[in-house]
Amino acid sequence: MTDRIREFLKTRREDGPCVVVDLDVVRANYAAFSRALPDTRVFYAVKANPDAAVLKALADMGSCFDTASVVEIELALAAGASAERISFGNTIKKERDIERAYKMGVRLFAVDCYEEVEKIARVAPRAKVFCRILCDGAGAEWPLSRKFGCEPEMAVDVLEHAHRLGLQAYGVSFHVGSQQKNVNAWDQALSSAAGIFAECAERGISLSMVNLGGGFPTKYLQDVPSAKAYGEAIFDALRKHFGNAIPETIMEPGRGMVGNAGMIETEVVLISRKAEGEAVRWVYLDIGKFGGLAETMDEAIRYPLRTPRDGDDTAPCVLAGPTCDSADVLYEKTPVDLPVSLSIGDKILIEACGAYTTTYSAVAFNGFPPLKSYVI
Ligand SMILES: *Cc1c(COP(=O)(O)O)cnc(C)c1O
């Protein structure tokens, strides 16, 4: 925990769980990404944490923004990014939203099929499009499904279709899966991208850009490789597949930019057992899956916990949220070890919660307000 977050929490008087994000950490992460791949422009994935202060800090440092909706575009513009620094990276867009984005000055759009190319050609003439290809997500703790992207062979035809309709066939994108702990995960996708560049060139279409996507991890329970290690592996893969003709590249870190910058403070509401003498206790917090910890789904993301009684003997606990939905259990298949002395009313700190928490929080399920967020 950063000293700044510790000091802030000491002065907080309001009730209920909250996330506190330290902008110094976000700025350090941005600097680390910029250093790791100095020729690659950073497009922060706004969805990871769209807080205005986070976006402003990044915009001030020169970051570009990957957005998924008109509202996210408006947030990036409000943070001070000009439209040239914004991509509309969602492959699933309403035609009228593409038109609104185009009118706001956005010229860079993601596609993964002919139908989306046609929408863009109708309302965003001469815009740049990049085609997303499928990626298996092996090695990722939060893998992405087949929902986004097309087979690399089809990407060539999709880009040619864009070219024929007067759009600028600009490049290729992929996402290797979120919380990707294998620094070599980009190699296969870059090999496919190079193949698409070559095939398009044969058809007289010269592509310019490879979008390396996100996937850069945050440290939860285990250490993760540094941004520098990812940068080196990706640069080696670019060299291997593109030789001396390395294209323009962009990357879209989300989790890796903000994850370790935030921490949630929560309170123990109840500690109980399901039977007399049962070893495993149930610990209920005032935050759960519906309060912002949605990524505990299938126990995929396991957050580090700090209690005021760390150092005492521990025993396994099931950890659950406060709502009346039985799905609101965080860790049960693999229980968490918590101090035997843990008591009702204790405050627990959940680390590395800066990404994918505030926006996943429900509006008012069971009357619980959405997760309170402080950016300091
Ligand atoms: C969510 C998303 C990202 C960010 O992914 P992380 O794994 O959080 O870095 C980047 N690009 C696109 C297109 C996304 O949808």
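This note goes through the main pocket, the salt bridges, some strand pairings and a few single residues of a predicted model.

1. The largest pocket. Its volume is about 760 Å³. The lining of the largest pocket is made up of 35 residues. Lying nearest the centre are Lys 47, Arg 132, Leu 144, Phe 148 and Tyr 356. Two elements, β3 (64-67) and β6 (128-132), give two or more residues to this lining.

2. Make-up of the pocket lining. By residue class, the lining of the largest pocket holds 13 nonpolar, 14 polar and eight charged residues. Domain 1 (89-253) and domain 2 (260-375) each supply at least three residues to the lining.

3. Strand β3. This strand, already named for the pocket lining, has Cys 64 and Asp 66 pointing one way, while Phe 65 and Thr 67 point the other way. These four residues of β3 are all buried. Strand β2 (residues 40-45) runs parallel to β3, and three bridges join the two. Within this pairing, Phe 43 has Cys 64 of β3 as its bridge partner.

4. Salt bridges overall. How many salt bridges does a search of the whole structure find? The count is 26. Three pairs are taken up in the points below.

5. Glu 99 and Lys 103. Their side chains form a salt bridge with an N to O distance of 3.4 Å. Both residues belong to helix α5 (residues 95-103), and because they are four residues apart there, about one helical turn separates them. Are these two side chains buried or exposed? Glu 99 is partly exposed at a relative accessible area of 31%, whereas Lys 103 is exposed at 67%.

6. Asp 346 and Arg 309. This salt bridge has an N to O distance of 2.5 Å. The pair links distant parts of the chain, with the two positions 37 residues apart in numbering. Asp 346 sits in the loop between β16 (329-339) and β17 (347-350), and Arg 309 sits in the loop between β14 (305-306) and β15 (314-320). Asp 346 has a relative accessible area of 10%, so it counts as buried. Arg 309, with a relative accessible area of 26%, is partly exposed.

7. A salt-bridge network. Which residues are joined into one network by salt bridges that share partners? They are Asp 157, Glu 160, Arg 164, Glu 199 and Arg 203. Within this group, the side chains of Glu 199 and Arg 203 meet at 3.2 Å, N to O. Glu 199 is partly exposed, with 30% relative accessibility. Arg 203 is also partly exposed, with 32% relative accessibility.

8. Strand β17 and its partners. Strand β12 (residues 262-272) pairs with β17 in the antiparallel sense over four bridges. β14 pairs with β17 as well, again in the antiparallel sense, over two bridges. Leu 349 of β17 appears in both pairings: Leu 349 is the bridge partner of Glu 265, and Arg 306 stands opposite Leu 349.

9. Cys 150. Where is this residue found? Cys 150 is in the loop between β7 (140-142) and α7 (152-164). Its relative accessibility is 4%; residues under 20% count as buried, so Cys 150 is buried. Cys 150 and Ala 362 are 212 residues apart along the chain, and their C-alpha atoms are separated by 32 Å.

10. Positive phi at Gln 179. This residue is not a glycine, yet its phi is positive, about 50°. Gln 179 lies in strand β9 (residues 178-180). With a relative accessible area of 1%, Gln 179 is buried.

11. Positive phi at Asp 298. Asp 298 is likewise not a glycine and has a positive phi, of about 55°. Its place is the loop between β13 (281-285) and β14. The relative accessibility of Asp 298 is 65%; the cut-off for exposed is over 50%, so Asp 298 counts as exposed. The two positive-phi residues described here thus fall on opposite sides of the burial scale: Gln 179 is buried, and Asp 298 is exposed.

Conventions. Residues numbered from 1 in each chain as written. Predicted model: local features only at pLDDT ≥ 70, side-chain atom pairs only at ≥ 80, totals over all residues. Heavy atoms only, no water. 1 Å grid on protein atoms, 1.4 Å probe; cavity = no way out; pocket = protein on both sides within 12 Å on 5 of 7 lines; lining within 4 Å. Points joined across faces, edges and corners; volume = space filled by probe spheres on them. Nonpolar A, V, L, I, M, F, W, Y, C, P; charged D, E, K, R; others polar. Domains from an automatic or database assignment. Salt bridge = Lys/Arg side-chain N within 4 Å of Asp/Glu carboxyl O. Buried < 20%, exposed > 50% of the residue type's maximum accessible area, 1.4 Å probe, protein only. Pairing = 2+ DSSP bridges.
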